[in-house]
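Here is a brief report on the pockets and the bound ligand. The structure comes first.

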Amino acid sequence: MTQLFINAALGQPTKRPPIWLMRQAGRYMPQYRKLREKHSFKEMMSHPDLITEITLQPIHEFHFDAAILFSDILITADALGCPVKFVEKKGPVFESPIRTKQDAQQLSFDPSLTNISFVFKAIPMIKQELIPFDIPLIGFAGSPFTVASYMIEGQSSQTLSEVKKMSAHDPETLTILLDKLTEVTIAYIKKQISSGAQAIQLFDTWAEYLSWDHFKEFSFTYNKKIIDAVKLEFPHIPIFFFSRGGSLFLPFLKELGANVLSLDWRCNLKEVRQQLPDHIGLQGNLDPYAMLDPQPILKEKVLRLLQDMQPFKGYIFNLGHGIMPQVPVENVRLIVDTVKSYIQ
Ligand code: CP3
């Protein structure tokens, strides 16, 4: 089973696509909500035993073909000394957002990443628990632009107006911040791999707000630097790149050096397949809202996507973005069963 996922991630043909879901450990699961009553989100992502338990919850329940480390992309901001808080019903908050050159210059990280060492303690514990399932562990990090957006805005934003302001009036500060995030992300990913992560996904959720030129300047350049650095040391570890709106930027994404592009639900994956060279894999892209459909409609949509993506070569089934808290667990079971029993 580990091989099914790794083969698909490395662009090889498979009998069926492997399936996992972004945010597969989360609030749609009663087991997760039960633990969450006792612990804050920050607590849950900071203790190796809790990280292990939560990472395993969706594996025990649904038998996905891969596990993803339970953590959050904003941990690299923490590592740089800019702590994030997760506020109930509001999401991530930075009490001291990065707005000036001095703010950005003050950030630094300890190369051994001791302040987030709980992640590297959790990874071997998770690997041990995964042995009977024979599935791999995916590590991940946020892309510099997406993490920087939160650090600059100070919280989730629908407009990224502070980021836009900075890119126009003070691009040097943005560049300093992106450079620092790039360095910490390279160190963080390398350490996840040397602790046991078998694949890596980079999340660039907010890049869709960028213009064509700014995508190249503020997203592509830094993500490429990360992928090149990781590939140099770990050439056989597959790297996935998720971007919302990524299909708008395919000419750039093709050149990233990622093994797999994970795309959102607003593109036709079959058409994208025809535009990409053969060695680049694809992941996605069921509409996350389809998970709320009546089961026959949901099943029909899954089957249509599977049919579109045949013959299966370098294809991993996933949603076009993270699973939402209101999704019924029976619908998750339905899509896992449908994908697993679909042999071409
Ligand atoms: O995929 C996984 O299962 C691994 C864990 C994971 C989480 N967040 C857990 C989480 C991953 C890979 C992420 C990525 C992440 N986090 C992204 C990029 C992908 C995306 O979904 O857009 C972003 C932008 C974040 C930042 C973040 N973290 C936000 C905006 C929020 C609040 C979201 C909300 O709906 O309230 C979080 C919190 C968060 N991260 C939760 C989980 C399970 C919910 C925490 C809780 O309250 O229990």
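## Largest pocket

In this predicted model, the largest pocket has a volume of about 1,500 Å³. It is lined by 43 residues, and R23, R27, D72, P92 and Y150 are the closest to its centre. Four elements give two or more residues to this lining: α2 (30-38), β2 (85-87), β3 (91-93) and α8 (144-153).

By class, the lining of the largest pocket holds 23 nonpolar, twelve polar and eight charged residues.

## Ligand

The ligand sits in the largest pocket. Around the ligand are 21 residues, the closest being R23, Y32, R36, D72 and H321. This shell divides into 13 nonpolar, four polar and four charged residues.

Three residues place N or O atoms by ligand oxygens. For H321, a side-chain N or O atom is 2.7 Å from an oxygen atom of the ligand. For R27, a polar side-chain atom lies 2.8 Å from a ligand oxygen. Q24 uses a backbone N or O atom, 3.1 Å from an oxygen atom of the ligand. On its own, the ligand has 870 Å² of accessible area, and the protein covers 88% of that.

## Second largest pocket

The second largest pocket has a volume of about 270 Å³. Its lining has 13 residues, with N285, L286, D287, K301 and L305 the closest to its centre.

α13 (269-275), β8 (281-286) and α14 (295-308) each supply at least two lining residues. The largest share, four residues, comes from α14. By class, the lining of the second largest pocket has six nonpolar, two polar and five charged residues.

Notes: Residues are numbered from 1 along each chain as its sequence is written. This is a predicted model: local features need pLDDT of at least 70, side-chain atom pairs count only at pLDDT 80 or more; totals for chains, interfaces and linings use all residues. Side-chain values use heavy atoms; hydrogens and water are left out. On a 1 Å grid over the protein atoms alone, a cavity is a set of points where a 1.4 Å probe fits but cannot get out, and a pocket is an open set with protein on both sides within 12 Å along at least five of seven lines; lining residues have an atom within 4 Å of a point. Grid points are joined across faces, edges and corners, and a volume is the space filled by probe spheres set on the points. Ala, Val, Leu, Ile, Met, Phe, Trp, Tyr, Cys and Pro count as nonpolar, Asp, Glu, Lys and Arg as charged, and the others, Gly among them, as polar. A residue is near a molecule or strand if one of its heavy atoms lies within 4 Å of it. A polar contact is a pair of N or O atoms within 3.5 Å; within protein, one must be able to donate a hydrogen and the other to accept it, and residues adjacent in sequence count only if both atoms are side-chain atoms. Accessible areas come from the Shrake-Rupley method with a 1.4 Å probe; for residues, only the protein chains shown count as cover. A molecule sits in a cavity or pocket if more than half of its atoms lie within 2 Å of its grid points.
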